[in-house]
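This report concerns the arrangement of strands and helices in one protein chain. Please consult the sequence and coordinates shown here alongside the text.

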Amino acid sequence: MRKNFGPKTMCYPMPVFIIGTYNADGTPNAMNAAWGGISEENEISLCISAEHKTTENFLARRAFTVSMATADYVAACDYVGLVSGKQVPDKVERAGFHAVKSEFVDAPLMEELPMALECRLRSYDAESCRLVGEIVNVSACETVLDEKGKIDPAKLRPITYDSMNHNYLVLGEKVGNAFKDGLLLK
């Protein structure tokens, strides 16, 4: 038997993204966003309302970064979602993040968050709150790479948002092989 919850913002896993932008004065800004994902081969779509400082910033600079929030920085990642850049313009510094400029777009990367998508603004619709970015680069610190030079999720330790219970969960163990295990059923 199933329990019906009605229409809710629930999806598992729901990634936790830290969106990086620059304020008009050049100081870095970051916000926590959970509603989003890959929407085309080199495209990410996110739901970000128009009143955010981040929205003002990516519209002005036409660029943003999307870092994967990690278990090692849960408090800092949560903080940048709790505090508005309009009231606390130095919230990146207060969170303990160190921002460096992306070499691909006019937006900051957070040194503590080892994986990021560097994006150019493709479109934004204030009515639907849909932000679409063209992914121009994916960068990752060598500390989260495996022996083949690929991102190792066990080293990255990305977190997901549990919207029903208001928790952050770290992604866990490997349970199968994509594009392979299903072949057993052919």
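The following paragraphs treat the sheet, the helices that lie across it, and a surface patch.

The model is predicted. Its open sheet consists of 7 strands in the order 2-1-5-8-9-4-3, with antiparallel pairing. Strand 2 and strand 3 (36–40) are the edge strands, each pairing on one side only. On average, neighbouring strands of this sheet are turned by 35 degrees against each other, direction ignored. Strand 1 and strand 2 pair in the antiparallel sense over 6 bridges, and Ile 19 stands opposite Met 31 in strand 2.

Two helices lie across strands, as tabulated below.

| Helix | Strands crossed | Angle |
|---|---|---|
| Helix 1 | strand 1, strand 2, strand 5, strand 8, strand 9 | about 55 degrees to strand 1 |
| Helix 2 (residues 74–82) | strand 1, strand 2 | about 95 degrees to strand 2 |

Helix 1 (residues 53–61) has Lys 53, Thr 54, Thr 55, Asn 57 and Phe 58 as its buried residues. The cover over these buried residues includes strand 1 (17–22), strand 2 (28–33), strand 5 (63–68), strand 8 (115–125) and strand 9 (130–140). Thr 55 counts as buried because its relative accessibility is 1%. Leaving aside residues up to four places away in sequence, Thr 55 touches Ile 48, Ser 49, Ala 50 and Tyr 124. Just after helix 1, Arg 62 adopts a positive phi of about 60 degrees.

On the surface, Phe 5, Met 10, Tyr 12 and Met 164 make a nonpolar patch of about 370 Å². Met 164 is located in the loop between strand 10 (159–162) and strand 11 (167–170). With a relative accessible area of 34%, Met 164 is partly exposed.

Methods
Residues are numbered from 1 along each chain as its sequence is written. This is a predicted model: local features need pLDDT of at least 70, side-chain atom pairs count only at pLDDT 80 or more; totals for chains, interfaces and linings use all residues. Side-chain values use heavy atoms; hydrogens and water are left out. Patches are made of residues with over 30% relative accessible area and no salt bridge: like charges are joined within 9 Å, nonpolar side chains (Val, Leu, Ile, Met, Phe, Trp, Tyr) within 5 Å. Accessible areas come from the Shrake-Rupley method with a 1.4 Å probe; for residues, only the protein chains shown count as cover. A salt bridge is a side-chain nitrogen of Lys or Arg within 4 Å of a carboxyl oxygen of Asp or Glu. Helices (H or I, at least four residues) and strands (E, at least two) are DSSP runs, numbered from the N terminus. Buried means under 20% relative accessible area, exposed over 50%, partly exposed in between (1.4 Å probe, protein chains only). Contact means heavy atoms within 4.5 Å. Two strands pair if DSSP finds at least two bridges between them. Axes are lines fitted to C-alpha atoms, for helices over the stretch in contact, and angles run from 0 to 180 degrees between N-to-C directions.
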